[in-house]
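Visitor: I should like to learn how to read the surface and the ligand site of a model. Would you take me through one case?

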Amino acid sequence: MTEALRVIIVGGVAGGMSAATRLRRLDESAEIIVFERGPYVSFANCGLPYYVGGVITERDSLLMQTPESLANRFRLDVRTRHEVLAIDASAKAVIVHDLVSGSSTEFAYDRLVLASGAAMSASFEQASIPTFSLRSVDDVDHITATMAHLDGQASAVVIGGGFIGVEAVENLARRGIRVTLAQRGRHVLSPLDPEMAVLVQNRLVAEGVDVRTGTTVTGTVHDLVQFSDGTEVRADLIIDASGVHPDSGLARTAGLRIGSSGGIWVDATQRTSDPAIYAVGDGTEKTDAIDGSGVLVTMAGLANRHGRAAADAIAGVPTAAAPALGTAIVGLFGLTVAMVGWSEKRLAAAGRPHRVIHTHPGSHASYYPGAATMHMKLLVDPLTDAILGAQIIGGEGVDKRIDILATAMSAGITASGLSRLELAYAPQYGSAKDPINQIGYVADNLATGATASIQWHELDDARRAGAVLVDVRSRAEHAAGRILESINIPLEELRDRVWELADGPIIVHCQVGQRGHTAARILSQLGRSVTNLDGGYLTWHAGTTSRTSIQPTFIA
Ligand code: FAD
C-alpha cells in the first residue's frame, strides 16, 4: 500500500478551499492540512460590502464553512490563526506560527498549494480618522462598529474607484452616509473605456456621491481628509480600497519564479517552478486569454477554477487551467456594469488592430413594459473577426449578455457569428433580434464592408478633413441635442434631399447608429462616400463628456 500524500495548503478561502475540497473528492486517503492566518475560512469576501450596507443582515451567512464543518464533511485538517512564515523548498517543509499560542512548528509536505491571495497596498501610513480596508470579516466588524456611533450627518471617504471601491460607496450610501470617492485615475472602474465609465460616474454623481478623479488622498488632520489637489473634506471614516498586489512574499523567499506581473508564475496545471509546489488565486499570475501574456486578474471564479485545477494535477489527473478573460460584473445604484477581455485603450496601447462597435439596444422588446437601455461596446479583431473584449452598462439583462459574450470568446465564436446565435426569446426577456444578435449584425456589416463606421473621437479630424456631418434623426431629436454644425435631414427625407449634400465624404449619424446604418446604405448605393458615426449621438455625447479637459462641441 502506498503512503498517503500529505498536502499542505496556505490560505483557506476561495482558491485554497477549492483545492482542498476537490482534492478530497479525488483522493480519500490524502492528508490535507489547511493553514489560514485569519480567524475564518471559506468566508464570502464578495459579500462583505453588502453586509456593511445592511443588504446581508446575518453576519453568520458570510461564514460559509467552519473548520469543524470541513472536518466533518471533507476530513480536512483546517487550522485557523496559523500563519505560514517560510517555505524550505529543499526540505519540503513549511514553518507555521500558531498565532494563538505563539509557538512555531515545522510541517513536512509532499505537495504544497499557495493560495495566500492578495495583500492591501495601503494609501498612507497613519490616519487620525478610523481607516479600514474591506477584505475580511474583521474589517466589516470594525466598520459596522464605527458606523453604529455615527449620526445622520455622517460622511466617509472611499479611496479607490475600482470594483470594491464602488461597492463600498454604494453600501455606505445605503446607510445614509455621505460619500466622497477619490480615484487616482481619470475615471472610475479603470478597465472600462472613458465613454463607458462616464455613464458610471454620472450615476454616482446623480446619487449624491462626491466623485474626485485624478485625485489621491495624501493624509488626514483631525477629522479632515486631505487630497492631492489641496482640498479637504470632513470624514468620520475612510475605506481604503486603493488596490492590492499579489501576496507572493513566501514564494519569493522560497526562490520560486515570479512572473513579469509580480504574481507567482505557474504552468498550465498551476504548478510553480518547484514541481512540488502549486499556486492559485489572487497571488498567482494568470495567462491572458487574448495574447497569452502573464497578467493579474483578481476574481473569485478564477481562484476557484484554478484551485480545482491544482487539485486535479496533485491527484494525477491534470487538466489545463483556463486562461483569464477578466470577466467581471459590478452593481451600483441600480446600474449593472460588466466587462470581458480587453478594452479599447488597452488594445490601442498594445498597438493591436481592433474594430470598435457601440450599440444601445433595449434590454427586451420595446413594446413590453420596463425595457431599459443597455450600452454595449464590442472590440473585434478586424483580421480574424475574433471578439477581443466587451463592455456593457445598463440594468436588467446585462449579466446575461456579458456571459454570452464571455462564452462566445471561450468557444471561439466570431463577432459576426453572434448574429447567428439562436437565443431564448419572449418579450419580457429579450428581442427576436437579441442585443447579442444585433451587435453581431453590426460586426457582420463591418466585416463584409456593407457599411463603414467612424468613432466618436475620430469625428473632429474627419470633419476638419472635409467630411460633412448629416444628422438623420427627426427634427425634434436634433433640436433636443445636436452635434455642432451638423445638417439635419431626417432619414425619411434623405432620398429626396440627397442633392443638398455637396460632393465629398459624408458622415451620417442618428441616436444610436441604426438609422445611420440605413442612411449609409442609401447614400453608398447612390455612389457617395459615407461612414456611420458608431453608436450615434449617445456614444458621441458620452465620449465628449468623458473628456474632462475638452469642452464638448454640442448644444443641448
Ligand atoms: P483569498 O480569498 O483572499 O484568500 C487568501 C487567504 O490566505 C486569506 O484569508 C489570508 O488570510 C490567507 N493567508 C495569506 N497568507 C497566509 C499565510 N502566510 N499563512 C496562512 N494564511 C495566509 N471577485 C469576484 O469574482 N466577484 C466579486 O463580486 C468579488 N467581490 C469582492 C469583494 C471584496 C470586498 C473582496 C475583498 C474581494 C472580492 N472579489 C470578488 C475577489 C475575490 O474575493 C478574490 O479574487 C478571491 O477571494 C481570491 O481568492 P484567493 O484564494 O486567491 O485569496
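**Surface and ligand site**

Guide: Let us begin at the surface of this predicted model. Tyr 367 has a relative accessible area of 59%, so Tyr 367 counts as exposed, the cut-off being over 50%.

Visitor: Where is the place of Tyr 367 in the chain?

Guide: Tyr 367 sits in the loop between β23 (355-359) and β24 (375-380).

Visitor: Which residues make a nonpolar surface patch with Tyr 367?

Guide: Tyr 368 and Tyr 425 join Tyr 367 in a nonpolar surface patch of about 350 Å².

Visitor: Let us turn to the ligand. Which residues come nearest to the ligand?

Guide: A residue belongs to the surroundings of a molecule if one of its heavy atoms lies within 4 Å. Here 29 residues are around the ligand, and Gly 15, Glu 36, Val 84, Asp 282 and Ala 300 come nearest.

Visitor: How do the residues of this shell divide into nonpolar, polar and charged?

Guide: The shell around the ligand has 14 nonpolar, nine polar and six charged residues.

Visitor: Which polar atoms of the protein should I inspect?

Guide: For a nitrogen atom of the ligand, inspect Arg 37, where a backbone N or O atom lies at 3.0 Å. For oxygen atoms of the ligand, a polar side-chain atom of Asn 45 lies 3.1 Å from one, and a backbone N or O atom of Ala 115 lies 3.5 Å from an oxygen atom.

Visitor: How much of the ligand's accessible area does the protein cover?

Guide: On its own the ligand has 990 Å² of accessible area, and the protein covers 88% of that.

Visitor: Which elements give two or more residues to the shell?

Guide: They are the helices α1 (14-26) and α8 (300-314), together with the strands β2 (31-36) and β4 (82-88).

Note on methods. Residues are numbered from 1 along each chain as its sequence is written. This is a predicted model: local features need pLDDT of at least 70, side-chain atom pairs count only at pLDDT 80 or more; totals for chains, interfaces and linings use all residues. Side-chain values use heavy atoms; hydrogens and water are left out. Patches are made of residues with over 30% relative accessible area and no salt bridge: like charges are joined within 9 Å, nonpolar side chains (Val, Leu, Ile, Met, Phe, Trp, Tyr) within 5 Å. Accessible areas come from the Shrake-Rupley method with a 1.4 Å probe; for residues, only the protein chains shown count as cover. A salt bridge is a side-chain nitrogen of Lys or Arg within 4 Å of a carboxyl oxygen of Asp or Glu. Helices (H or I, at least four residues) and strands (E, at least two) are DSSP runs, numbered from the N terminus. Buried means under 20% relative accessible area, exposed over 50%, partly exposed in between (1.4 Å probe, protein chains only). A polar contact is a pair of N or O atoms within 3.5 Å; within protein, one must be able to donate a hydrogen and the other to accept it, and residues adjacent in sequence count only if both atoms are side-chain atoms. Ala, Val, Leu, Ile, Met, Phe, Trp, Tyr, Cys and Pro count as nonpolar, Asp, Glu, Lys and Arg as charged, and the others, Gly among them, as polar.
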